[in-house]
Amino acid sequence: MYIKMAAAFTILSVGGPAALFYFQPTDEELFKRYNPELQRKSLENRQGRQQDFDNFVTKLKEYSKSDRPIWEAAAQDEARTRANSAEEQKKAAAEIQKRREEIKRQAINGQ
């Protein structure tokens with residue numbers, strides 16, 4: 001009985017991953033199965049995806065250098081980014097308002 005259990009365990013623990021390795025297609029095989037339009041789109045977007053992944057890994061490395069857990073460092077960085085973008089939006093809105101007022105003044109003076 002123990003021999004049967006050991007044999008079944010060996011077959012399942014070795015045979016399962018071996019079957020998965022054998023039947024799972026490689027990335028190249030999947031890419032070849034795409035239709036030509038999807039292949040073209042995939043090739044066009046590849047550089048951008050690689051850049052995004054590189055940025056993600058760089059940020060993770062930066063977060064891991066701090067003493068805090070990564071999720072706290074990421075949340076703090078995200079809050080800082082939001083604050084900076086909000087400030088930039090306010091500056092841009094103020095600049096647009098100044099331009100509008102200047103255009104109005106020029107239109108009034110030009111008449």
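Ile70 has a relative accessibility of 38% and therefore counts as partly exposed, since that value lies between the 20% limit for buried residues and the 50% limit for exposed ones. The model under discussion is a predicted one. Ile70 is located in helix H4, a helix that covers residues 70-110.

Ile70 also belongs to a nonpolar surface patch, together with Phe53, Phe56, Leu60 and Trp71. The combined accessible area of these residues is about 560 Å². Two helices, H3 (36-65) and H4, each contribute at least two residues to the patch. Helix H3 provides the largest share, namely three residues.

**Charged pairs**

Side chains of opposite charge can pair when their charged atoms come close. Five salt bridges are counted in the model. Three of them are listed below with their N to O distances.

| Salt bridge | Helix | Closest N to O distance |
|---|---|---|
| Glu37 and Lys41 | H3 | 3.5 Å |
| Arg40 and Glu44 | H3 | 3.1 Å |
| Arg80 and Asp77 | H4 | 3.0 Å |

In helix H3, Glu37 and Lys41 are four residues apart, which corresponds to about one turn of the helix. Glu37, at 45% relative accessibility, is partly exposed. Lys41 is likewise partly exposed, with a relative accessible area of 38%.

Arg40 and Glu44 are also in helix H3, and because they are four residues apart, about one helical turn separates them. Arg40 is partly exposed, at 42% relative accessibility. Glu44 has a relative accessible area of 51% and so counts as exposed, the cut-off being over 50%.

In helix H4, the pair formed by Arg80 and Asp77 has a spacing of three residues, so the two are separated by about one helical turn. Arg80 is partly exposed, at 46% relative accessibility. Asp77, by contrast, is buried, because its relative accessibility of 11% falls under the 20% limit. The salt bridge between Arg80 and Asp77 therefore joins a partly exposed residue to a buried one. The side chains of Asp77 and Arg80 are also recorded as making a polar contact, at 3.0 Å.

Helix H4 thus holds both Ile70, a member of the nonpolar patch, and the buried Asp77.

Methods
Residues numbered from 1 in each chain as written. Predicted model: local features only at pLDDT ≥ 70, side-chain atom pairs only at ≥ 80, totals over all residues. Heavy atoms only, no water. Buried < 20%, exposed > 50% of the residue type's maximum accessible area, 1.4 Å probe, protein only. Polar contact = N/O pair within 3.5 Å; in protein donor to acceptor, adjacent residues only side chain to side chain. Patch = residues over 30% accessible without salt bridge, like charges linked within 9 Å, V, L, I, M, F, W, Y side chains within 5 Å. Areas by Shrake-Rupley, 256 points an atom, 1.4 Å probe, with all protein chains shown as cover. Salt bridge = Lys/Arg side-chain N within 4 Å of Asp/Glu carboxyl O.
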